[in-house]
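The exercises below ask the reader to work through one structure, from its strand pairing to its helices and cores. Each task sentence is followed by a solution that goes step by step.

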Amino acid sequence: MAEARISEDQHAALRSLLRPDEILTPDSPDYQCRAQTWASQKQMNPDLVVRPTSTESLSKTVAYLYSTDLDIGIYGQGFMSASAKDVLINTSAFDGFNFDQHSELVTIGAGQTWSEVYRKLGEAAPEYGIVGARTPCVGVAGTIVSGGFSWLSGEYGCISDPANMLDAKVVKYDGSVVWASAEPELLWALRGGGGGFGVMVQVVLRVFPYSQDIWSGQILVPRERLEQVAEGIATFLSQPLDPKITMFLYVVKKSLLESIGTDSDMLVIHAFDALGEAHGRKSFQWALNIPGAIDQTKINTLAGVAKLQDKAHIVKGSMKQFWAPLLIRELSAETVVRAIRWSEEIQQLDESLADCTYLIFELLSSCEPAGPRSNCGWPRPEGVKHILLLGTGCPGDAGPLKEKLSRDLACQAASRVLGEGAEFHYLPNGFEDFHDARKTWGPHFHQLQTSRRHYDPKNKFKGAVNPYDVGLDIWRGERQTKTSGMEKVSSFVLSFEPAVRGLGVTNVILID
């Protein structure tokens, strides 16, 4: 058993700053749910989880922990959930909600999930909408520091855009508490800058009157209609479309569809039209008319639309997961077909990997920001419209060979689906250590480094942008490989080269 790194004096100091119910050990009933990372390989099983319930106790705790040599992390509830070896700071107790009808602003606790926000907004102002995450189980703060996309982003932009996110209360590394608007550099960095600038406890967001008669839901189409779906999507996207219209496309396996009696995988077109049912049915008539299509759409509120994705949290912590979320300008029928076949090739390679693979087209997901791109830490690329979420993985109990294979498949996913040399941008909300932060944040990278050095001088908050990267080449796929002795590899596996070459153990050298 590993020797505990937290000394008795450090335990005593934390006990003097926090109530007993604000400190969780691995034996505490709530420990697992307060520390669980989305990707199981990132779980460090911290010795303690601290969950302060007031800004005062949080500020004292942050100041103390920052002064120690303990490894700390700020927990997020989404796909990039952080962990730590020693102490994890969980902010889920910051779950307040205040709606001001006069200003049409809400001030909310940054530690809660979007499902809580949607519920509370529905109770306080049922005729209002908010630019909030499409996956309701992810946290407020994490979506803001990674840009954040919404069902309404085609109309109103990212969650972190200045028109949507006006201010945030932050506990800085020295324990001081500020509203970020008092320090413009901090507010700028919080807007998509990748995190690591302090602990966000409150955020001020804009709300606005919005139709609650949203036509949305799933249109299921048999997999054998892939080419027809792909051509339909390409035609759909080629025409002028109202920004109140968007859609997802993904695949659901037949094993999960027994209730509807299908004997094949289904392509799922998840439609969204805030102009109502008549308009929606006309807009998506191309999908509804495909032979074998099953219509599961209905009228929903904005909260109801988000709730359609509320099962995502079930798989949290069950997989080793690697992300390659892409932001792209255009989408062709050929790309749709190639992406679906990519996921099916992984199923042929290894079914357990296929069960942990994500492929989601999030179409018409972005619009140009209302102001200059320089207003946000993340300079959203110009002219991009669509998200292609690619994620590979393996079961949480899989060994190092499958974990390596999953990681390598993620590294190669963009080029395999889009083709060599295709233009794309990795999104901040799925940032992995094998992505190039200089490319993701582009012209803002060096300014973000400066901000990180100011707001996290010891780099203990572990943001995506490393403040002390001195400009050496970041890993871009060059590897040193030790073969595993598995000399005979099927010709199918070899088709994934270099991602699975030899199924050996890869020594990845990261220079940060």
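Contact here means heavy atoms within 4.5 Å, and the angles quoted for helices and strands run from 0 to 180 degrees between N-to-C directions, with axes fitted to C-alpha atoms. The model is predicted.

**Exercise 1. Describe the chain as a whole before turning to its parts.**

Step one is the inventory: the secondary structure of the chain comes to 17 helices and 20 strands. Step two is burial, where buried residues make up 55% of the 512 residues in the chain. Step three concerns the surface, since the accessible area comes to about 21,400 Å², of which 51% belongs to carbon and sulfur atoms. The last step looks at contacts with a separation of 6 or more, and 75% of these are accounted for by residues 24 or more positions apart.

**Exercise 2. Establish how strand S10 is paired, and whether it is enclosed or open to the outside.**

Begin with strand S8 (residues 165–171), which is joined to S10 (residues 199–209) by 6 bridges, the two strands running antiparallel. The register can be read from two pairs: valine 170 has methionine 200 as its bridge partner in S10, while valine 171 stands opposite valine 199.

Next come two further partners of S10. Strand S6 (residues 105–109) runs antiparallel to S10 and is joined to it by 5 bridges, with glutamine 202 of S10 as the bridge partner of glycine 109. Strand S7 (residues 128–130) also pairs with S10 in the antiparallel sense, over 3 bridges, and here glycine 129 is matched by phenylalanine 208.

Finally, consider burial, for which the cut-off is under 20% relative accessible area. Because 8 of the 11 residues of S10 are buried, the strand is largely enclosed by the rest of the structure.

**Exercise 3. Follow S8 to its other partner and describe the connection between them.**

S8 pairs in the antiparallel sense with strand S9 (residues 177–179) over 3 bridges, and the bridge partner of valine 171 in S9 is valine 177. Valine 171 therefore has a partner in S9 and, on the S10 side, stands opposite valine 199. The hairpin of S8 and S9 has 5 residues between the strands, and within this hairpin glycine 175 takes a positive phi near 90°. As for burial, 6 of the 7 residues of S8 are buried, so S8 is largely enclosed by the rest of the structure.

**Exercise 4. Locate the nonpolar cores and describe the surroundings of leucine 190.**

The largest nonpolar core has 69 residues, and those with the most contacts inside it are Trp114, Ile130, Leu190, Met200 and Leu205. Apart from it lies another core, of 47 residues, among them Ala324, Ala333, Val337 and Trp342. Turning to one residue of the former, leucine 190 touches Ile144, Val145, Met165, Ala168, Val170, Ala180, Phe197 and Met200, when residues up to four places away in sequence are not counted.

**Exercise 5. Give the strand order of the open sheet, and work out which helices pack against it.**

The sheet is made of 8 strands with antiparallel pairing, in the order S14-S11-S13-S12-S16-S17-S15-S18. Its edges are S14 (294–300) and S18 (425–426), each of which pairs on one side only. Within the sheet, strand S15 (residues 319–328) is joined to S17 (residues 386–395) by 10 bridges in an antiparallel arrangement, and lysine 320 stands opposite cysteine 394 in S17.

Helix H12 packs on the sheet, touching S12 (245–252), S13 (266–273), S16 (358–363) and S17, and its direction makes about 165° with that of S16. Helix H14 (residues 400–418) lies across S15, S17 and S18, and runs at about 160° to S17.

**Exercise 6. Compare the span of H12 and of H3 with the expected value, and list their buried residues.**

H12 (residues 333–349) has 17 residues and reaches 25 Å from its first C-alpha to its last, close to the 24 Å expected at 1.5 Å a residue. Its buried residues include Ala333, Val336, Val337, Ile340, Trp342 and Leu349. H3 (residues 55–67) has 13 residues and reaches 18 Å, close to the 18 Å expected, and its buried residues are Ser57, Leu58, Ser59, Thr61, Val62, Tyr64, Leu65 and Tyr66.

Notes
Residues numbered from 1 in each chain as written. Predicted model: local features only at pLDDT ≥ 70, side-chain atom pairs only at ≥ 80, totals over all residues. Heavy atoms only, no water. Buried < 20%, exposed > 50% of the residue type's maximum accessible area, 1.4 Å probe, protein only. Helix = DSSP H or I, 4+ residues; strand = E, 2+ residues; numbered from the N terminus. Expected span 1.5 Å × (residues − 1). Areas by Shrake-Rupley, 256 points an atom, 1.4 Å probe, with all protein chains shown as cover. Core = buried A, V, L, I, M, F, W, Y, C linked by side-chain atoms within 4.5 Å.
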